[in-house]
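User: Could you take a close look at the contact between the two chains of this model, and then follow the charged pairs outward from there? I would like one connected account rather than a list.

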Protein chains: 2
Amino acid sequence: MTGRDGGADIAPIGNSPVIILVRPQLADNIGACARAMANGGLFHLRLVAPRDGWPQEKAWRNSSGADRILDTTTVFMTVADAVADLHRVLATCPRPRHIIKPVLTARGAAIELRAIAERNLRAGVLFGPERAGLDNDDMAQADLLVRYPLNPVFMSLNLAQAVMVLAYEWWTAADATPPRELMTNETRVATKGELENFLVHLVDQLDACGFLQNLPKRPGMVRNIRHFFQRGEVTAQELRTLHGIVTELAIGRRQMGRLEDADYSADRATAIRR
Amino acid sequence: MTGRDGGADIAPIGNSPVIILVRPQLADNIGACARAMANGGLFHLRLVAPRDGWPQEKAWRNSSGADRILDTTTVFMTVADAVADLHRVLATCPRPRHIIKPVLTARGAAIELRAIAERNLRAGVLFGPERAGLDNDDMAQADLLVRYPLNPVFMSLNLAQAVMVLAYEWWTAADATPPRELMTNETRVATKGELENFLVHLVDQLDACGFLQNLPKRPGMVRNIRHFFQRGEVTAQELRTLHGIVTELAIGRRQMGRLEDADYSADRATAIRR
């Protein structure tokens, strides 16, 4: 979405889980994983037997500034070594077979990982190599499996995307942003009194220009106009603009005379009534 | 996580939203976006003024088989053209400023998009170019903004990652997988009667070998053993294996005599009591 961030501010926060890439093949992907981890507030990266060795400059080039994560990445020969100091291990696994183990969704995993962190235990999450995924021995090292709910007819999930989904859920599990809110920045939502004040102004001008001259239809038309402006969650700033628009249009109309746009006025009435 | 999928089975499902990449720069990223879309069950891709033109072979090479999405991708000169036939437009925007508009989280956006689809309306989601993101005129074309809850000190989200998070939430919004379930495959969770049967077998053998000879401590030790086996959600298959293990160890012990591992037995008692 945006360009390179400075890496200066990404420091480990609390007891976040360790991401363990098992036999990763491409340094590009390792860099992309570090970037995804930084996006979601994960900071501990371990590699088990990376195919092309470590460090690899390409990883840093593809991490968009998540340097600190790569600088502190540690390398292990086996999964057993990589998880030896952890209390709880999760293994991502798109198609587990013949395994008796609890399976979590990505969201369930995030809740579990938050609970583990709150108990001051250390958790790790295993991600398999790009093509084959984790093998059966890798998964036997884990307490829990994680399977993302995704399109079952297109399971080919890029390694960094897999890390991204988990990092996103990890962050979201502790995030209190409401699913929807009106962003008003330097202004604020108008009060009902301010909105009423504008509607009175508008209806006065519409009466003056003849837009509401059909008296039997007038109450319904006024209600429809009212419904439209209520729906938009108008702000105080926008009301000032709308007052200005009504005033200026009314002045223009007075200067030009009223004949030429009588038809246009009728069109608008039709549109508002629909 | 795994290798290339066949693209044959990914066909448009229902009224899924259109992903609109605005002025995308890299064909690699367009391919990665298509792959992420397929993962999450999104199938309609539009491009607005792609920097390097369209089609680009690199996109297909980087889509891991999401060919159908790329084959049917359409190109527009402007955002206005790209959204003209849509009823509702969302714009992803990591740092909106000076804009009065409802802001949704990724999860809130998925709920909104599902609701729009259920009303048989067509929605689109705008994603900005890799470096700059959407500009102010792009965002003025949208009804709603989408801002993902992610680490505010590392906002550099790769374009395909941004699409992945939305596609994942779109899929998850209609997914009923429980956050945690025990996968038992061809076996099943043991009944309490089956578990009791095993525990009686085990305790009998532990009595026989002297492991439970400290009579004042015996009830607590038995309870602790019971707690451990209850916790594991043991399956019928695993109980058969455990019966076999106890039987075989008991035979071995009888053959070897009991003296040499008396200390080991005490160790285990300590461990279980802790």
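Analyst: What follows starts with the relation between the chains, moves to the contact and one helix within it, and ends with salt bridges.

The model is a predicted one. Chain A can be laid on chain B with an RMSD of 0.2 Å, by a turn of 179° and a shift of 0.0 Å along the axis; the two copies are thus related as by a two-fold rotation axis. The contact itself takes 80 residues from chain A and 79 residues from chain B. Because 99% of the interface residues of chain A are also interface residues in chain B, the copies meet through the same surface. The area buried between chain A and chain B comes to about 6,500 Å², and carbon and sulfur atoms give 56% of it.

As for polar links, 26 residue pairs are in polar contact across the interface of chain A and chain B, counting pairs with both residues at pLDDT 80 or more. On the side of chain A that touches chain B, the elements giving two or more residues are α1 (27-39), β5 (101-104), α5 (106-118), β7 (144-146), α7 and β8 (180-183) of chain A. Among these, α7(A) gives the most to that side, with 10 residues.

Helix α7 of chain A runs over residues 159-173, and at 1.5 Å a residue its 15 residues should span 21 Å, which agrees with the 21 Å between its end C-alpha atoms. The helix is mostly covered, since 14 of the 15 residues of α7(A) are buried. At the N-terminal end of α7(A), N158(A) acts as a cap, with a side-chain oxygen 2.8 Å from the backbone nitrogen of A160(A).

Turning to charge, side chains of opposite charge can pair when their charged atoms come close. Between chain A and chain B the count is 4 salt bridges. R107(A) and E169(B) meet through their side chains in a salt bridge, at 3.0 Å from N to O. In addition, a network of salt bridges links R88(A), E112(A) and D143(A) with R180(B).

In chain B, the side chains of D143(B) and R88(B) meet in a salt bridge, at 3.4 Å from N to O. This pair links distant parts of the chain, with D143(B) in the loop between α6 (136-139) and β7 (144-146) of chain B and R88(B) in strand β4 of chain B, 55 residues apart. D143(B) counts as partly exposed at 31% relative accessibility, and R88(B) is partly exposed as well, with a relative accessible area of 26%.

A further salt bridge in chain B joins D85(B) and R46(B), whose closest N and O atoms are 2.8 Å apart. D85(B) lies in the loop between α4 (79-83) and β4 (88-92) of chain B and R46(B) in strand β2 (residues 44-48), so the pair ties together parts that are 39 residues apart in sequence. Here D85(B) is partly exposed, with a relative accessible area of 35%, whereas R46(B) is buried, with a relative accessible area of 12%.

Over all chains, a search of the whole structure finds 26 salt bridges. One within chain A brings together the side chains of R218(A) and D207(A), at 2.7 Å from N to O. R218(A) belongs to helix α9 (residues 218-231) and D207(A) to helix α8 (residues 192-209) of chain A, so described as a pair linking distant parts of the chain, 11 residues apart. R218(A) counts as partly exposed at 25% relative accessibility, and D207(A) counts as partly exposed at 36%.

How values were computed:
Residues are numbered from 1 along each chain as its sequence is written. Chains are lettered from A and ligands numbered from 1 in the order in which they are written. This is a predicted model: local features need pLDDT of at least 70, side-chain atom pairs count only at pLDDT 80 or more; totals for chains, interfaces and linings use all residues. Side-chain values use heavy atoms; hydrogens and water are left out. Helices (H or I, at least four residues) and strands (E, at least two) are DSSP runs, numbered from the N terminus. The expected span of a helix is 1.5 Å times one less than its number of residues. Buried means under 20% relative accessible area, exposed over 50%, partly exposed in between (1.4 Å probe, protein chains only). A polar contact is a pair of N or O atoms within 3.5 Å; within protein, one must be able to donate a hydrogen and the other to accept it, and residues adjacent in sequence count only if both atoms are side-chain atoms. Copies are superposed by least squares on the C-alpha atoms of residues with pLDDT of at least 70 in both. Contact means heavy atoms within 4.5 Å. Buried area is the accessible area (1.4 Å probe) that two parts lose on being put together, summed over both.
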